[in-house]
Amino acid sequence: MWKERIIRGDLFNSCVVPFSLKSLNIGLPIFNPMKNTEILTCFQCGTCHASCPSGKYTSLNIRKIVRDSVKKDVSEEPELWMCTTCYNCQERCPRGIKVTDAVLTLRSEAVQKGKILPAHRKVCNFLIKTGQSIPLDDKHLDIRKQLKLRTDLASWNKARKEVKVLLRSTGFDELVKR
Ligand code: SF4
Ligand code: SF4
């Protein structure tokens, strides 16, 4: 089960989940939208795009990404990284196409080829260095206080170390260097 969660990318609740699947020794992703015939059942109804919160504010057109992924390599499309993985599209697709899972798989494939947006690479490098993806500075601590979230930094040290070990052991750090 945990392997499937890693492949889906929801282990880190993040839009930057370029895991090295080879280093995990679990072979290729279970869902490959470039080959999977499920994608071919898309009848271009547009429900996915209409449900997409990110598409309202960015150039992401998830329907186009789905359609294009069948016929060409979309790993250099910046829109691939604009999805927040909210799963709205996947929940609402009348064909039951795993749209968000496809985005995550396409991203993993892009990263395997060394293609990752500079902003995302920056976040990845920060995560590798610190074990966290968001700086724990005064600004963010204030926000956490307002949200009544924990702010005792010392208690997170163990978790941060574990994250760093996990990133090294999965080959994440090497992957980001590509
Ligand atoms: S909602 Fe599903 S069937 Fe409709 S365009 Fe999107 S992927 Fe295709
Ligand atoms: S999962 Fe991504 S593509 Fe789908 S609705 Fe959410 S932001 Fe849009």
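Axes here are lines fitted to C-alpha atoms, for helices over the stretch in contact, and angles run from 0 to 180 degrees between N-to-C directions.

**View 1. Helices α3 and α5 pack against each other in this predicted model.** The two axes are 11 Å apart and meet at an angle of about 65°. The crossing of α3 and α5 is left-handed. On the α3 side the contact is made by I62, V66 and S69, and on the α5 side by V99, A102 and L106. Sorted by class, this contact holds five nonpolar residues, one polar residue and no charged ones.

**View 2. V66 sits in helix α3.** V66 has 23 C-beta neighbours inside 10 Å and counts as buried, because the cut-off for a buried residue is 20 or more. Leaving aside neighbours within four places in sequence, V66 is in contact with I39, C42, C48, V99 and A102. Of these partners, V99 is 33 residues from V66 in sequence, while the C-alpha atoms of the two are 7.3 Å apart.

**View 3. Helix α5 is largely enclosed by the rest of the structure.** Of its 14 residues, 13 are buried. The end C-alpha atoms of α5 are 20 Å apart, which agrees with the 20 Å that its 14 residues should span at 1.5 Å a residue. G114 follows α5 and has a positive phi, near 80°. Helix α5 also takes part in the surroundings of ligand 2, giving three residues to the shell, the most of any element.

**View 4. The shell around ligand 2 is made of 16 residues.** Those that come nearest are C52, C83, C86, N88 and C89. Two helices, α4 (88-92) and α5 (99-112), each supply at least two residues of this shell. Its residues divide into nine nonpolar and seven polar, with no charged residues.

**View 5. C52, one of the residues nearest ligand 2, lies in a loop.** The loop runs between α2 (47-50) and α3 (62-71). C52 is buried, with 23 other C-beta atoms within 10 Å. Not counting residues up to four places away in sequence, C52 touches L60, I62, N88 and C89. C52 and N88 are 36 residues apart in sequence, but 6.5 Å apart in space from C-alpha to C-alpha. N88 and C89 are, like C52, among the residues that come nearest to ligand 2.

**View 6. The shell around ligand 1 is made of 14 residues.** C42, C45, T47, C48 and C93 come nearest to this ligand. The elements that give two or more residues to the shell are α2 and α3. By class, the shell around ligand 1 has nine nonpolar, three polar and two charged residues. Two of the nearest residues, C42 and C48, are also contacts of V66.

**View 7. Q44 and Y87 are residues other than glycine with positive phi.** Phi is near 55° in Q44 and near 75° in Y87. Q44 is placed in the loop between α1 (2-8) and α2. With 11 C-beta neighbours inside 10 Å, Q44 counts as exposed, because the cut-off for that class is 12 or fewer. Y87 belongs to the loop between α3 and α4. Its 16 C-beta neighbours inside 10 Å make Y87 partly exposed.

**View 8. Helix α8 (residues 157-169) lies largely in the open.** One of its 13 residues is buried. From its first C-alpha to its last, α8 reaches 18 Å, close to the 18 Å expected at 1.5 Å a residue. Just after α8, G171 takes a positive phi of about 80°.

**View 9. The whole protein has nine helices and zero strands.** From the N terminus on, its elements run α-α-α-α-α-α-α-α-α. The protein has 178 residues, and 26% of them count as buried. Among contacts between residues at least 6 apart in sequence, 66% join residues at least 24 apart. The pair V66 and V99, 33 residues apart in sequence, is one contact made between α3 and α5.

How values were computed. Residues are numbered from 1 along each chain as its sequence is written. Chains are lettered from A and ligands numbered from 1 in the order in which they are written. This is a predicted model: local features need pLDDT of at least 70, side-chain atom pairs count only at pLDDT 80 or more; totals for chains, interfaces and linings use all residues. Helices (H or I, at least four residues) and strands (E, at least two) are DSSP runs, numbered from the N terminus. The expected span of a helix is 1.5 Å times one less than its number of residues. A residue is near a molecule or strand if its C-beta atom, placed from the backbone, lies within 6 Å of it. Ala, Val, Leu, Ile, Met, Phe, Trp, Tyr, Cys and Pro count as nonpolar, Asp, Glu, Lys and Arg as charged, and the others, Gly among them, as polar. Two residues are in contact if their C-beta atoms, placed from the backbone, lie within 7 Å. A crossing is left-handed if the near helix is turned anticlockwise from the far one by less than a right angle, and right-handed if clockwise.
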